[in-house]
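Welcome! Here are some exercises to help you find your way around a new structure, each with a worked solution to follow at your own pace.

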Amino acid sequence: MADIVADGVPPGLVELVKAHSRATISGDIETVLGDFRPDRRGQLIGSAKLPAGVVASQLQRIEPAGDGLIAATTCYSTADGIDTYLRARWIEIDGGWVVNDVRNLPDTPPQMADVGPAEDGADTPFWEALRNSELRIPQCDDCANWIWPHRPICPSCHSFDHTWSRVAMTGTIFSWIRTWLPFAPEFTGHLPFVTLVVELPHAGSRRLLGALLDADGVEPEIGMPVVGVVEAPASPQGWPVLRWRLA
């Protein structure tokens, strides 16, 4: 397969990218680190993830990506035919080209190992509803106040009676953040990803936290409409999670 080299790619960068891939495969850590932007090495080490036993690489495409960046997508292959795609964006600093950021493709947000109901089981109905692709939020039986985060007593009228009511999985972005650093082991291979706080208009403007799907290169804005997507659990014993997608 021939390399796809777009106009505007500096001479010599294609070979530098290929040499970086070969160093990655051979485990030449010194060369790999030397190609990283010095002030981002800690971030870059945990950004991307390759399977064990990678034996070959193929540059798929290299092209300008704006703001002085050059994006190079490389396919890494194992002996048993597993292909993993990484996109590294290179930038010129002090006359030399270095990796500014790198990520796995396609972009997928991480799923934490401890996701699921609280130890006391008080929010189990929320997670059980996700198994049925539903969003349910507790609502006071006496005053109709929406109670989230869940608690045993209504903060409005102090009633102990409530019902887990079904709510439309639509909302608007209240706030958001893009995570670049591997603060947890599960983050490796999923950086960067975007986390939203979503306001639910059909549940008294209560707010839920969740990752944004298809967030690569997206700049969310406060107030943007989003729709919920239930993602299957990572294991048969796990719990599904609620993600968000721009409407």
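The buried residues of H4 pack against S6, S7, strand S10 (206-211), strand S11 (225-231) and S12. Keep in mind while you work that this is a predicted model.

**Exercise 1. Find out which residues of H4 are buried, and what comes after the helix.**

Step 1. Look along the helix: Thr124, Phe126, Trp127, Ala129 and Leu130 are the buried residues of H4.

Step 2. Ask what they face. They pack against five strands, namely S6, S7, S10, S11 and S12.

Step 3. Move past the end of the helix. Ser133 follows H4, and its phi is positive, near 60 degrees.

**Exercise 2. Work out which elements build the largest nonpolar core.**

Step 1. Start with the residues. The largest nonpolar core has 24 of them, and those with the most contacts inside it are Phe126, Leu135, Ile137, Leu196, Leu200, Leu208 and Trp244.

Step 2. Turn to the elements. Two or more residues of this core come from each of helix H4 (124-131), strand S6 (135-140), strand S7 (162-167), strand S9 (193-200) and strand S12 (241-246). S9 gives the largest share, four residues.

Step 3. Zoom in on one residue. Not counting residues up to four places away in sequence, Leu196 touches Ile173, Ser175, Trp176, Leu208, Leu209, Gly210, Leu212, Val226 and Trp244.

Step 4. Look elsewhere too. Another core lies apart from this one; it has 21 residues, including Val9, Val14, Leu44 and Trp90.

**Exercise 3. Trace the open sheet and say which strands stand at its edges.**

Step 1. Put the strands in order. The open sheet has five strands, arranged S1-S2-S3-S4-S5, with mixed pairing.

Step 2. Find the edges. Strand S1 (4-5) and strand S5 (96-105) each have a single partner strand, so one side of each has no neighbour in the sheet.

Step 3. Examine one pair. S4 and S5 are antiparallel and share nine bridges; Ala88, for example, has Val102 in S5 as its bridge partner.

Step 4. Pick a residue in S4. Thr84 is in this strand, which spans residues 83-93. Its relative accessible area is 12%, under the 20% limit, so Thr84 counts as buried. Leaving aside neighbours within four places in sequence, Thr84 is in contact with Lys49, Leu50, Pro51, Thr74, Cys75, Tyr76 and Asn104.

**Exercise 4. Describe how H1 is placed, and decide whether His20 is buried or exposed.**

Step 1. Place the helix. Helix H1 (residues 13-26) lies across S1, strand S2 (54-66), strand S3 (69-78), S4 and S5, and runs at about 145 degrees to S2.

Step 2. Locate the histidine. His20 lies in H1, and at 9% relative accessibility His20 is buried.

Step 3. List its surroundings. Beyond neighbours within four places in sequence, His20 is in contact with Val32, Asp35, Phe36, Trp90 and Val99. The side chains of His20 and Asp35 are joined by a polar contact of 2.8 Å.

**Exercise 5. Explain why Cys157 forms no bond with Cys140.**

Step 1. Recall the idea: a disulfide is a covalent bond between the sulfur atoms of two cysteines.

Step 2. Check the distance. The closest cysteine sulfur to that of Cys157 is in Cys140, 3.5 Å away, and this is too far for a bond because a disulfide needs the sulfur atoms within 2.5 Å.

Step 3. Try Cys154. Its nearest cysteine sulfur, that of Cys143, is 3.6 Å away, and Cys154 is in no disulfide. The structure as a whole holds zero disulfides.

Step 4. Compare accessibility. Cys154 is buried, with a relative accessible area of 1%, whereas Cys157 is partly exposed at 33%.

**Exercise 6. Look for backbone features in the loops: where are the cis peptide bonds, and which residues have a positive phi although they are not glycine?**

Step 1. Take the cis bonds. One joins Trp148 and Pro149, with omega about 0 degrees; Pro149 is in the loop between S6 and S7. Another joins Leu191 and Pro192, with omega about -10 degrees, and Pro192 lies in the loop between strand S8 (170-179) and S9.

Step 2. Take the positive phi values. Ala144 has a phi of about 70 degrees and is found in the loop between S6 and S7. Asp214 has a phi of about 55 degrees and lies in the loop between S10 and S11.

Step 3. Check accessibility. Ala144 is partly exposed at 41%, and Asp214 is partly exposed at 46%.

Methods. Residues numbered from 1 in each chain as written. Predicted model: local features only at pLDDT ≥ 70, side-chain atom pairs only at ≥ 80, totals over all residues. Heavy atoms only, no water. Buried < 20%, exposed > 50% of the residue type's maximum accessible area, 1.4 Å probe, protein only. Core = buried A, V, L, I, M, F, W, Y, C linked by side-chain atoms within 4.5 Å. Contact = heavy atoms within 4.5 Å. Pairing = 2+ DSSP bridges. Axes fitted to C-alpha atoms, helices over the stretch in contact; angles between N-to-C directions. Polar contact = N/O pair within 3.5 Å; in protein donor to acceptor, adjacent residues only side chain to side chain.
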